[in-house]
Amino acid sequence: MLNLQSLIIVASLAGVLLISGCATLNYGEPYDMSNISLKTERSRFAKVDRVNIYKQQEGTLIRGEVRRNFYGRGTIPGHVDIELTDSTGKSVFKEKTYSRHTSLRSHYADFSIKIPFPVAKGSHLRIVHHDGGHREDCVKNDQKG
Ligand SMILES: [Zn+2]
C-alpha cells in the first residue's frame with residue numbers, strides 16, 4: 001500500500017515524466033513538404049503560419065499556428081478550414097478545426113488535425129483561416145468570411 005510520502009514521490013515523478021515527455025514530444029516523421037503544394041490564406045484577423053505535416057502510423061498529422069495580423073491579445077475569432085485534394089484536383093479530405101491558445105497572452109494559437117490516411121505525392125493542401133462561423137461551402141468561397 002502506498003503511504004502519503006510515496007504518493008508524493010510517485011506524483012512528482014509523474015510530473016517530471018510529463019514535463020520531459022512534452023519537451024521531447026514526437027508527432028511522427030516530418031513529411032517531405034516538396035511532395036505537396038501547400039497554400040495558406042489569411043482572414044482579416046489572422047493568418048495561418050508554421051504548418052508542419054507528420055507521417056504517423058494511423059495517417060497524417062497537420063499542425064500549425066494561427067497568428068494575428070495585428071498585435072492583440074485574447075482569443076482569435078473564427079476557425080481553420082483544411083482541404084486536401086489529390087494530384088487530379090479531387091477533394092479527398094475536408095475538415096474544420098479550431099485553434100487553441102496555449103496562453104491567452106500570446107498572439108498566436110495552435111491547431112492540429114488528423115487525416116486518417118497518408119498524404120499522396122502531388123497532393124494540394126489548402127489551409128484557410130476564417131473570421132466567422134463555418135458554412136458548409138466556406139472552404140470553396142475564396143476571400144469571403
Ligand atoms: Zn469554414
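## Confidence of the model

The protein has a mean pLDDT of 84, and 80% of its residues score at least 70. The structure is a predicted model. Confidence is highest in strand 2, residues 37–41, where it reaches 97. Helix 1, residues 4–23, has the lowest confidence, with a mean of 60.

Over residues 20–24 the pLDDT stays under 50. For this stretch the model has zero contacts beyond four places in sequence.

## Overall make-up

The secondary structure consists of one helix and eight strands. Along the sequence the order is α-β-β-β-β-β-β-β-β, with the helix ahead of the strands.

The protein has 145 residues, of which 19% count as buried. Among contacts with a separation of 6 or more, 62% join residues that are 24 or more positions apart.

## The four-stranded sheet

Four strands make up an open sheet, in the order 1-3-4-7, with antiparallel pairing. Strand 1 (29–30) and strand 7 (108–115) each have a single partner strand, so they stand at the edges and one side of each has no neighbour in the sheet. In general, strands of a sheet pair through backbone hydrogen bonds, in either a parallel or an antiparallel way.

Within this order, strand 3 lies beside strand 4. Strand 3 and strand 4 (residues 59–68) are joined in the antiparallel sense by nine bridges. One of the residues involved is alanine 46, whose bridge partner in strand 4 is arginine 68.

## Valine 51 in strand 3

Strand 3 covers residues 46–56 and includes valine 51. Is valine 51 buried or partly exposed? Valine 51 is partly exposed, because 16 other C-beta atoms lie within 10 Å, whereas a buried residue needs 20 or more.

Leaving aside residues up to four places away in sequence, valine 51 touches Leu38, Thr40, Ile62, Gly64 and Ile127. Arginine 63 is twelve residues from valine 51 in sequence, and the two C-alpha atoms are 5.7 Å apart in space.

## The hairpin of strands 5 and 6

Strand 5 (residues 79–85) and strand 6 (residues 91–97) also form an antiparallel pair, with six bridges between them. Valine 80 stands opposite threonine 97, a residue of strand 6.

How many residues lie between the two strands of this hairpin? There are five residues between strand 5 and strand 6. In this hairpin, glycine 89 takes a positive phi near 90 degrees.

How values were computed. Residues numbered from 1 in each chain as written. Predicted model: local features only at pLDDT ≥ 70, side-chain atom pairs only at ≥ 80, totals over all residues. pLDDT = per-residue confidence, 0-100. Contact = placed C-beta atoms within 7 Å. Buried ≥ 20, exposed ≤ 12 C-beta atoms within 10 Å, placed from the backbone. Pairing = 2+ DSSP bridges.
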